[in-house]
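Trainee: Please take a close look at one part of this entry, the packing of its secondary structure, and describe it in one go.

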Amino acid sequence: MREQVEQALESIRPAIQMDGGDIELVDVDENGVVRVRLVGACVGCPMSIMTLKAGIERILRERVPGVTDVEAV
């Protein structure tokens, strides 16, 4: 599952980078919880939680079977 998550994040990354941010995969656990680190302009951005939940989590759930949640660390 980790490889599928990495591939999905690679497809999302350009859009995040256009706004000066980036995303790093930290962990994927056995329960399908994906932990990511938002960096760059995403740190402290008031929209980062919406980006995480409404964007990144939605896309990962659609593309990677078994993803149950996405958390920022």
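Mentor: Read from the N terminus, the protein chain follows the pattern α-β-β-α-β, which amounts to two helices and three strands. Helices (H or I, at least four residues) and strands (E, at least two) are DSSP runs, numbered from the N terminus. The model is predicted, with pLDDT of at least 70 needed for local features and 80 or more for side-chain atom pairs, while totals for chains, interfaces and linings use all residues. Residues are numbered from 1 along each chain as its sequence is written, and side-chain values use heavy atoms, leaving out hydrogens and water.

Take the sheet to begin with. It is open, has three strands in the order 1-2-3, and its pairing is mixed; two strands count as paired if DSSP finds at least two bridges between them. Strand 1 (21-28) and strand 3 (69-72) are the edges, each pairing on one side only. Direction ignored, neighbouring strands are turned by 30 degrees against each other on average. Angles here lie between N-to-C directions and run from 0 to 180 degrees, with axes being lines fitted to C-alpha atoms, for helices over the stretch in contact.

Strand 1 and strand 2 are antiparallel, with seven bridges. Ile 23 has Leu 38 of strand 2 as its bridge partner, and Asp 27 stands opposite Arg 35 in strand 2. The two strands form a hairpin with four residues between them, and in that turn Gly 32 has a positive phi of about 85 degrees. On the other side, strand 2 (residues 33-40) runs parallel to strand 3 and is joined to it by four bridges. Val 34 is bridged there to Val 70 of strand 3.

Now the helices. Helix 1 lies across strand 1 and strand 2, at about 165 degrees to strand 1. Helix 2 lies across strand 1, strand 2 and strand 3, at about 145 degrees to strand 3. Contact means heavy atoms within 4.5 Å.

The axes of helix 1 (residues 2-18) and helix 2 (residues 48-63) come within 10 Å and cross at roughly 145 degrees. Helix 1 contributes Val 5, Ala 8, Leu 9, Ser 11, Ile 12 and Ile 16 to the contact, and helix 2 contributes Ile 56, Ile 59, Leu 60 and Arg 63. By class, eight of these residues are nonpolar, one is polar and one is charged; Ala, Val, Leu, Ile, Met, Phe, Trp, Tyr, Cys and Pro count as nonpolar, Asp, Glu, Lys and Arg as charged, and the others, Gly among them, as polar.

As for overall dimensions, the C-alpha trace spans about 30 × 20 × 20 Å along its principal axes. The radius of gyration of the protein chain is 11 Å, which agrees with the value near 11 Å for a compact globule of 73 residues; it is taken over C-alpha atoms, and the globule rule is 2.2 Å times the number of residues to the power 0.38.
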